[in-house]
Amino acid sequence: DDELAFRVDIMQNGAVAKTFTVEGNPARYEVQTYTEENINVSGDFSIVFTNLCPTNTSGSSADRVCVWNVAWTSHE
């Protein structure tokens, strides 16, 4: 089965303010939901997603990971 793993870095002022990894198995053609991370960052920030499971396989979608519907609630 295919594996799914990507890192999420919350970047603020050029540094990582929070990081966590999302993993799943199997991942191919299945929607996975992840809602358990408490980020608790205020102010301006960016979110960086990094694929941790590259296969080095040729093809247009060999290592594709799609992230949909990122939701953010207010800082506590």
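Student: Which residues make the nonpolar surface patch of about 530 Å²?
Tutor: The model is predicted; local features need pLDDT of at least 70, side-chain atom pairs pLDDT 80 or more, while totals for chains, interfaces and linings use all residues. Residues are numbered from 1 along each chain as its sequence is written, and side-chain values use heavy atoms, without hydrogens and water. Patch residues have over 30% relative accessible area (Shrake-Rupley, 1.4 Å probe) and no salt bridge (Lys or Arg side-chain nitrogen within 4 Å of an Asp or Glu carboxyl oxygen), with nonpolar side chains joined within 5 Å. The patch is made by Phe45, Ile47, Phe49, Val65, Val67, Val70 and Trp72.

Student: What is the relative accessible area of Val65?
Tutor: Val65 lies in the segment after strand 3. It is partly exposed (between buried, under 20%, and exposed, over 50%), because its relative accessible area is 34%.

Student: In what order do the three strands form the open sheet?
Tutor: Strands are DSSP E runs of at least two residues, and two of them pair if at least two bridges are found. Strand 2 (15-24) and strand 3 (46-51) are the edges, each pairing on one side only. The pairing is antiparallel, in the order 2-1-3.

Student: Which residue of strand 2 is the bridge partner of Ile10?
Tutor: Strand 1 (residues 4-12) runs antiparallel to strand 2, joined by nine bridges. In strand 2, Ile10 is matched with Lys18.

Student: Which strand supplies the largest share of the largest nonpolar core?
Tutor: A core joins buried nonpolar residues through side-chain atoms within 4.5 Å. This one has eight residues, including Phe20, Val22, Ile39 and Val41. The largest share, four residues, comes from strand 1.

How values were computed: Buried < 20%, exposed > 50% of the residue type's maximum accessible area, 1.4 Å probe, protein only. Patch = residues over 30% accessible without salt bridge, like charges linked within 9 Å, V, L, I, M, F, W, Y side chains within 5 Å.
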